[in-house]
Amino acid sequence: MIGNDKQVVGIADMKFARQHGLLVTYALGSCIGICLYDPMIKLGALVHIMLPINMESGRTHPFKYADTGVQATLQKMQAFGGQPSRMTAKIAGGARMFEVQGDGILGSIGQRNIESVKWALQKAGIRLLREEVGGTVARTLLFDVSNGQGCVRSYGRQDILI
């Protein structure tokens with residue numbers, strides 16, 4: 001991973017870069033990091049979603065949710081010349097971070113996030129190239145906009161390129 005222009009993406013946040021730069025998000029437990037990339041113009045974005053569906057009355061935090069986060073990120077990328085027909089996606093996160101009896105809301109939120117992100121990408125016509133999802137470990141996601149390469153880091157494990 002290269003790139004000295006590092007931008008940190010917080011929870012319920014999105015950042016994008018063009019040509020070069022490293023986008024990083026930490027603490028992907030049940031949350032999902034979504035890398036969107038237009039390789040022709042080297043335009044990339046990283047959004048850190050927290051929940052599957054936006055049910056806020058004013059929808060004031062679009063990047064917090066899979067459905068509105070993907071849509072809002074695509075709109076921002078299109079404003080800078082990105083074309084959805086060329087875009088691809090890579091995702092990481094969606095872990096089961098809590099041991100809960102049954103299939104309660106805390107126990108299934110990671111899986112619901114995975115399903116909602118995949119649905120939002122499919123609905124937008126974005127090809128999902130790689131994923132590192134599920135399990136029980138938190139992840140850090142790094143996204144190098146110069147080449148579209150993603151890297152997933154987890155404590156005590158080897159880095160995984162996505």
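Me: Two strands pair if DSSP finds at least two bridges between them. With that in mind, which residue of β5 stands opposite Asp-13?

Reply: This is a predicted model, in which local features need pLDDT of at least 70, side-chain atom pairs count only at pLDDT 80 or more, and totals for chains, interfaces and linings use all residues. Residues are numbered from 1 along each chain as its sequence is written, and side-chain values use heavy atoms, without hydrogens and water. Strands (E, at least two residues) and helices (H or I, at least four) are DSSP runs numbered from the N terminus. Opposite Asp-13, in β5, stands His-48.

Me: Nice! How many bridges join β2 to β5?

Reply: Strand β5 covers residues 43-49, and β2 runs antiparallel to β5. The number of bridges joining β2 to β5 is six.

Me: Why is one side of β2 and of β7 left without a neighbour in the sheet?

Reply: Let's follow the open sheet of five strands, with mixed pairing, in its order β2-β5-β4-β6-β7. Both β2 (13-18) and β7 (127-133) stand at the edges, so one side of each has no neighbour, because each has a single partner strand.

Me: By how many degrees are neighbouring strands of this sheet turned against each other on average?

Reply: Axes here are lines fitted to C-alpha atoms, for helices over the stretch in contact, with angles from 0 to 180 degrees between N-to-C directions. For neighbouring strands of this sheet, direction is ignored, and the average turn is 15 degrees.

Me: And at about what angle does α1 run to β5?

Reply: Helix α1 spans residues 66-79 and lies across β2, β4 (32-38) and β5. Contact means heavy atoms within 4.5 Å. Relative to β5, helix α1 runs at about 160 degrees.
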